[in-house]
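User: I am new to this structure and would be grateful for a close look at a single part of it. Please describe one strand together with the elements around it.

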Amino acid sequence: MHSLSSSSASLSSVPSHHPRHPPSVPLPTLRFCGLRPEALFPRPLSLYSSCSSPARRSARRLRSTVLVSASAGNGPPSKFDYDLVIIGAGVGGHGAALHAVEKGLKTAIIEGDVVGGTCVNRGCVPSKALLAVSGRMRELQSDHHLKSLGLQVAAAGYDRQGVADHANNLASKIRSNLTNSMKALGVDILTGVGTILGPQKVKYGKDNIITAKNIIIATGSVPFVPKGIEVDGKTVITSDHALKLEFVPDWIAIVGSGYIGLEFSDVYTALGSEVTFVEALDQLMPGFDPEIGKLAQRVLINPRNIDYHTGVFASKITPARDGKPVMIELIDAKTKEPKDTLEVDAALIATGRAPFTNGLGLENINVVTQRGFVPVDERMRVIDADGKLVPHVYCIGDANGKMMLAHAASAQGISVVEQVTGKDHILNHLSIPAACFTHPEISMVGLTEPQAKEKADKDGFTISVAKTSFKANTKALAENEGEGLAKMIYRPDNGEILGVHIFGLHAADLIHEASNAIALGTKIQDIKFAVHAHPTLSEVLDELFKSAKVNSPVSSPVSEPVGV
Ligand SMILES: Cc1cc2nc3c(=O)[nH]c(=O)nc-3n(C[C@H](O)[C@H](O)[C@H](O)COP(=O)(O)OP(=O)(O)OC[C@H]3O[C@@H](n4cnc5c(N)ncnc54)[C@H](O)[C@@H]3O)c2cc1C
Ligand SMILES: NC(=O)c1ccc[n+]([C@@H]2O[C@H](COP(=O)([O-])OP(=O)(O)OC[C@H]3O[C@@H](n4cnc5c(N)ncnc54)[C@H](O)[C@@H]3O)[C@@H](O)[C@H]2O)c1
């Protein structure tokens, strides 16, 4: 058991990181086309739990038809091995595969490493397991919070290996749910690195060649490490290493204060580390709405064991060796003049992610990446070096760089499947929510206030801003969690929601009422009449909609006198 003041495990015991893509082993194809696959596989959970829904059951029925006709939908038998081949079995590929079988497509997914990709194995899933621990540690450590609820708890402590196991076990569980959900629906999981050989032809593993009517590239991303930074996987690490929680340093520098930096600062400080942020831009959390960023800094940074350097680049980082600590050389981000040198126990490099397209064979379809990303249009259709669309090839998820989020990757995959099955579909990225799972959480959808102002100036309309505080919400106060703000940027002339930003308890769950409203084109003058249960946190959004001043009438009857 580690108490917070106890020393961390010895650094020398930390094993080095495994290569991302081990040489492909010609494993047998995992194929499952039996009649009742659900009898053999446990019901998948959570994000990947749709296997036994009515829609999925009908997909399974459809699948048996497809095996006979070997073609999409009701068309003639296909001359291709598959209607759809997806390269990369991360969440993007998984989302596309499930939707494809539901639409009756004969589908294969090729994976060169482990099913689940970044999100399941090295991203969302294990990081949220660590954040679940940090949230509880924070509560147990907060005397003030506990006293105000009338609670008394002895000193909190943790077992580092136990915490690490929780993250690892969760990743394994979700990985197997994800694999089983695809197998149960009859998606062929092909093992090996996938390479596009030419139009509608893909190789996987050593020399297995298959043809496909359509191909989706879903090869994801890897940590981006700037030049001059030496990652040893022990004292200078990326999120891939940090998620294993092989040690908890006394003092860690986090380079980059975006999503990864911020979430790990929540984890490390809850587990007793001191954190120093190094951020190239002039403010911390530069991607967030500035007002939310300021509040987040007041709550998530200032009162914690965190200091920071902004406007500086980490130009050189040397791992700890020969008894010397990790050395970080800082230069002014604008002048490039040397600024400072930090000596710390460890450094986490959280400076963004780079698309992964190695070995994909893009040259065989005349595609040149842009800053590593696969160029696509608004329908995720791949664009070649001459600016033309490559027929039948799409790219979704982190590899196209449109929005590096798990659910965005999956939504893009679903959108592509809609298109290849004959329904035009363009995904509105401004309706896709995002969340940072700190304590409390930050969530957002649509434009920030400066972005909305810029758009309003360009397009000639005005914007207004509505705000509500968690301090006025009964449920938040009952939980003693009144620190929070919801903010909406909107058009007062027609009630269009342009952006919503929330900082506070369960912000990540609360954002969906706003993101769904944007996706469905619901106007404020209509949604403000929707009824929210009392007392719930969702009343924060209810208040937000009600406080907006819209000069436009209700667009349709909101409640029908049915059954009264
Ligand atoms: C620490 C961390 C926390 C995160 N937390 C969140 C979060 O809370 N919420 C959220 O929405 N997003 C989160 N993300 C981002 C999210 O993980 C990614 O946006 C998402 O995983 C992208 O999915 P993808 O399918 O595009 O790619 P990936 O998940 O990266 O999957 C790509 C797959 O393709 C395989 N592959 C690559 N090349 C080939 C090839 N040639 N042949 C065969 N297979 C290949 C890879 O092995 C991999 O399995 C987080 C990321 C990190 C790093
Ligand atoms: N909860 C979530 O949804 C979640 C969690 C983690 C990661 N992600 C995804 O993963 C991606 C990567 O996350 P991230 O936090 O690494 O990237 P990010 O783009 O969110 O933040 C990177 C930060 O590093 C700074 N930076 C870059 N180079 C630097 C240098 N040399 N010195 C100092 N600062 C530098 C940038 O200014 C920026 O603020 C994100 O795009 C995000 O979408 C999402």
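Analyst: In this predicted model, a suitable starting point is residue Ile254, which stands opposite Phe277 in strand β12. Ile254 also has a bridge partner in strand β17, namely Leu348. A further residue, Ile252, faces Val275 in β12.

These contacts belong to the pairing of strand β11, which spans residues 251-255. With β12, residues 274-279, β11 pairs in the parallel sense over five bridges. With β17, residues 346-349, the pairing of β11 is likewise described as parallel, and it runs over four bridges.

The wider setting is an open sheet of five strands, whose order is β10-β17-β11-β12-β13 and whose pairing is parallel. At its edges lie β10 (236-237) and β13 (306-310), each of which pairs on one side only. In the order of the sheet, β11 stands between β17 and β12.

How much of β11 is buried? Four of its five residues are buried, so the strand is largely enclosed by the rest of the structure. Here a residue counts as buried when its relative accessible area is under 20%.

The path of the chain after this strand may be followed next. From β11 the chain passes through helix α8, residues 259-270, and arrives at β12; this β-α-β crossover is right-handed.

Helix α8 itself contains twelve residues. From its first C-alpha to its last it reaches 17 Å, which is close to the 16 Å expected at 1.5 Å a residue. Ten of these twelve residues are buried, so α8, too, is largely enclosed by the rest of the structure. The buried residues of α8 include Leu262, Phe264, Val267 and Tyr268, and also Glu263 and Asp266. Gly261, Ser265, Thr269 and Ala270 in α8 are buried as well. After the helix comes Gly272, with a positive phi near 105°.

For contrast, one may turn to a part of the surface. Leu140, Leu149, Leu151 and Val153 make a nonpolar surface patch of about 310 Å². Of these, Val153 is found in the loop between α5 (143-148) and β4 (157-158). The relative accessible area of Val153 is 43%, and Val153 is therefore partly exposed.

To return to the part in question: β11 is largely enclosed by the rest of the structure, pairs in the parallel sense with β12 and with β17, and is linked to β12 through α8 by a right-handed crossover.

How values were computed
Residues are numbered from 1 along each chain as its sequence is written. Chains are lettered from A and ligands numbered from 1 in the order in which they are written. This is a predicted model: local features need pLDDT of at least 70, side-chain atom pairs count only at pLDDT 80 or more; totals for chains, interfaces and linings use all residues. Side-chain values use heavy atoms; hydrogens and water are left out. Patches are made of residues with over 30% relative accessible area and no salt bridge: like charges are joined within 9 Å, nonpolar side chains (Val, Leu, Ile, Met, Phe, Trp, Tyr) within 5 Å. Accessible areas come from the Shrake-Rupley method with a 1.4 Å probe; for residues, only the protein chains shown count as cover. A salt bridge is a side-chain nitrogen of Lys or Arg within 4 Å of a carboxyl oxygen of Asp or Glu. Helices (H or I, at least four residues) and strands (E, at least two) are DSSP runs, numbered from the N terminus. Buried means under 20% relative accessible area, exposed over 50%, partly exposed in between (1.4 Å probe, protein chains only). Two strands pair if DSSP finds at least two bridges between them. A crossover is right-handed if, with the strands pointing away from the viewer, the path from the first strand over the helix to the second runs clockwise. The expected span of a helix is 1.5 Å times one less than its number of residues.
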